[in-house]
Amino acid sequence: MLATIPTAGVLGTTGQRIDVEVHVGPGLPGFSIVGLPDEACRESRDRVRAAMLSSGLPWPQKRITVNLAPSGVRKSGIGLDLPLAVGLLVAAEMLPPSAVESVGCIGELGLDGTIRPVPGVAPMVASMRADDLRMVIVARTSVTEARVGAGSTAVRATDDLRELVAILRGESSWPILPVDDVVDERVGLPDLSDVRGQPWARRGLEVAAAGGHHLLFVGPPGAGKTMLAERLPGLLGPLSNEEAIEATMIHSAAGVRLPSGGLVRYPPFRAPHHTSTAVAIIGGGTQNLRPGEISLAHRGVLFLDELGEFSPSVVDALRQPLEDLQVRVSRARSSVTMPADALVVAATNPCPCGGGRPGDCLCSEVAKARYLRRLSGPLLDRFDLRVAVSRPAIDELMAVDGGETTALVRERVDGARRIAVDRGYLSARIPVGELDEWAPLSRGAQVLVRTELEQGRLSGRGLHRIRRVARTLADLDNAGVEIEAEHLSLALRLRVDVAAVSAGRSLTTAIGALT
Amino acid sequence: MTAAAVPDEAFVAGLARLDGMTSARLRALLRGRTGRQAWQAVVEDWADETLDRLAAADPGLRARWRMATLTSDLVEAAWSDCRRLGVHVLVWGRPGYPVALLHDPSPPPVLFARGNLATLDTRRVGIVGTRNATPGGRRMARALGRELAEAGVGVISGLARGIDGAAHMGVRDVAEIGGAGPVAVVGSGPDVVFPREHCDLWEWIASDGLLLTEHPPGTTPLPAHFPQRNRVIAGLSELLVVVESRSTGGSLITVREAIKRGVDVLAVPGSLMNRASHGTNQLIADGARTVLEPSDVLIALGLDTRRTSTLPFDPRVEPAPRDRLVLAAFGADTLTIDELVTRTGNDAIASALAVGRLEAGGWLLDIGGWYAPVDHLGPWS
């Protein structure tokens, strides 16, 4: 007898429909899986056998052949246990074929017959939805995740193979699934009012949130760079429905725990450690090309603390996704495109010793040059905003009242973002060709630009970036279309020269040498 | 020659020799660095924003520079040339650099000088004009040179054919009776005489006066050098006198540079039928002061004492009162905008704008987001 059970695997951030075909026929008892299974799939046989025996179901003493269609694509993962078991039960005539008609299954089996969750259920279910399934069976803990991808398809769940067989035979009915309480994830999120002092760094955050500009904090350890960055997601509004589903799919595919409601409703915040590998940040891996941190931060914030400590290859690999807003990862067998539209906030010490203030640094020139080389120029250039952060003064730390609250700042950010929606672009994304339309320079601003260019402190590309930041500043003030000198001047102050921080010491040593 | 024996100036001279090095590029490279550090940055190909920016404008530049630094000892060659020819290397911000150029909007990062540096310690008037001068124009230039030098006023010119050369010939006329020394700013290396016919005048200025150039020994004159040279003339002059100029003449570049620096421009009128006077007549029509005889220049000098002192005076424009308070809050400390806000209690935006204005005015130095108050003799004094 033959049975076909639809299921799916994950490649990158999307599900891939797989059909598990099980044939039980005469011949020497045996079990073989074909259709390019990986090691985990092949081990499935032992798990399914043990699970069935533990559930009191006889193991058919016949020739069992399993094909994973499409047979040309390499399969990986463990979600195939459940469809395999169900298919086997149907093919061995222990379950009526009508019970599983257009029913998809995803789940791993324990040796005792428990059904366990697998990562990536949301995109998997979404990929099966197209084939008008009437229901999808998953592990109980996967239910909320599955519902994100399920659309109108029914999601059913049970924890135990024995119970599942009973239900499918019509001897029992589906357990009622509790609906998760939606907890507001914003409660408990760090608030900007916790930040004491540092009005300029806060301004940097506000501009980054309003215009979608990547932001780099430069400052000594203990200046509160991390504390500031953690407060950026709070300044971004909740995700639209579409964005939330995109983000949820990625989180599910990567096996990251989803929030209680199942949907990632607020901008995610990802802060990978600086020892992370390129694959961890960008995505990839040998088998199913898992999404990396940059994709997990899609529609949210990617925080790279100690940017200078990241391996240079990782930092360089970030450039393409930042430009294209998606990652293309290709391997010999497959290639996937994953969304990667994240706001990058990075923090770095100006030099390895973290001296910070010009003159405080103890590093040798060689060490400093090596450190700065890691912050490769092209990447540094992607940061429209570079803000020097200093340690807050004692008085500020002791102050009773903090600064403005997140809610207050978000009102301004929302206002600027509304202007951006009318325009069609966040200001960080205004194409160069349209800068003259959206950010024409006033007379005073032109004079300022000319001086900066003449001083050799601004390049042509730098100018475009400054204009975009000035546009955001003007939007925050609800100013007219023409960029005033004032906003341009502020934009210039929000983009410090990182190499020059190191030169600061050279300057002081030079002074010392001469006097 | 050991590395320790090489002064910082030698590295700057070596950098100036690199192919494709311009004044603006060198200035950018030396921003916040000593010559030695800038040289190392090029040789060791540092990851560096300034270098990246230069490379963005000219993709092959970094590689070419590196190759040049690796294949020959430019620093040593440049330095030994300078010593052999008796050329002083004046680096911006270091002792010996002309004070008048210290706060120029685009100061030469390095000047190669022959002659007596004290020649600049006088009143200074620039005399410029067309190369295709009329005999009358030449006579006027020579008379101006003579009378100004006699009155102890240093004449600055470009040593070109025509008006420039004539002015310095006038200076030479009275050299024996103790007039002020001549100052020439040229567009080639200090040892590359251009134009050839001014060979005598060139050597005389290099020994008795001061010959300045932005180019290291051995540089041939290129058309692009001359507009740059003109801005140095404008920057050094207290007054600029245009004797004859066509309506599209190179002298008008000098005039533009002078106006940018707040240097008064005077012009000698000429016949409307004379093409060589169209530019100067137009200047007069636009409001330039008229020079009918050499003493008019002296009168103009007598009225203007702003740039006269030879002592290191402060040429910066005083900040507005509210900005002065901000500057005072700095004291002698290097602060970020956040720290400044804490000190003054002003709001962040007002502080950032004030910092921007003070920085543009030369009162603060931006070191990657930290701001340091600057002494008027430059950050290295």
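Which residues of β4(B) are buried on one side, and which on the other? In this predicted model, B:Val153, B:Val155 and B:Ser157 are buried on one side of the strand, while B:Gly154 and B:Ile156 are buried on the other, and both faces are thus covered.

**Strand β4 of chain B and its neighbours**

Strand β4 of chain B spans residues 153-157; five of its five residues are buried, so the strand is largely enclosed by the rest of the structure. Two strands of chain B pair with β4(B), as the table shows.

| Strand paired with β4(B) | Bridges | Direction |
|---|---|---|
| β3(B), residues 123-128 | four bridges | parallel |
| β5(B), residues 182-186 | three bridges | parallel |

On the β3(B) side, B:Val125 stands opposite B:Val155 of β4(B). Between these two strands the chain passes through helix α8(B), residues 135-150, in a right-handed β-α-β crossover. On the β5(B) side, B:Ile156 has B:Val183 as its bridge partner. Here the connection is made by helix α9(B), residues 163-173, and the β-α-β unit that it forms with β4(B) and β5(B) is again right-handed.

**The nonpolar core**

In soluble globular proteins, nonpolar side chains tend to be buried together. The largest nonpolar core in the model holds 264 residues, and those with the most contacts inside it are A:Ala85, B:Leu15, B:Leu240 and B:Val241. Helix α2(A), residues 81-91, gives the most to this core, contributing eight residues. Beyond residues up to four places away in sequence, B:Leu240 touches several residues, including B:Gly126, B:Val128, B:Ala234, B:Val255 and B:Leu266.

**Chain A and its helix α17**

Chain A comprises 22 helices and 18 strands. Of its 515 residues, 52% are buried. Among contacts in chain A between residues at least 6 apart in sequence, 76% link residues at least 24 apart.

Helix α17(A), residues 406-423, has 18 residues; the span from its first C-alpha to its last is 25 Å, close to the 26 Å expected at 1.5 Å a residue. Its buried residues are A:Thr406, A:Val409, A:Arg410, A:Val413, A:Ala416, A:Arg417 and A:Ala420. Viewed down the helix axis, these buried residues fall within an arc of 125°, and they therefore line one face of α17(A). They pack against α6 (199-211), α8 (232-235) and α20 (460-476) of chain A. On the other side of the helix, A:Leu408, A:Glu411, A:Arg418 and A:Asp422 are exposed. The residue that follows α17(A) is A:Gly424, which has a positive phi, near 105°.

Technical notes
Residues numbered from 1 in each chain as written. Chains lettered and ligands numbered in written order. Predicted model: local features only at pLDDT ≥ 70, side-chain atom pairs only at ≥ 80, totals over all residues. Buried ≥ 20, exposed ≤ 12 C-beta atoms within 10 Å, placed from the backbone. Contact = placed C-beta atoms within 7 Å. Pairing = 2+ DSSP bridges. Right-handed = clockwise from strand over helix to strand, strands pointing away. Core = buried A, V, L, I, M, F, W, Y, C linked by C-beta atoms within 7 Å. Expected span 1.5 Å × (residues − 1). Arc of directions from axis to C-beta.
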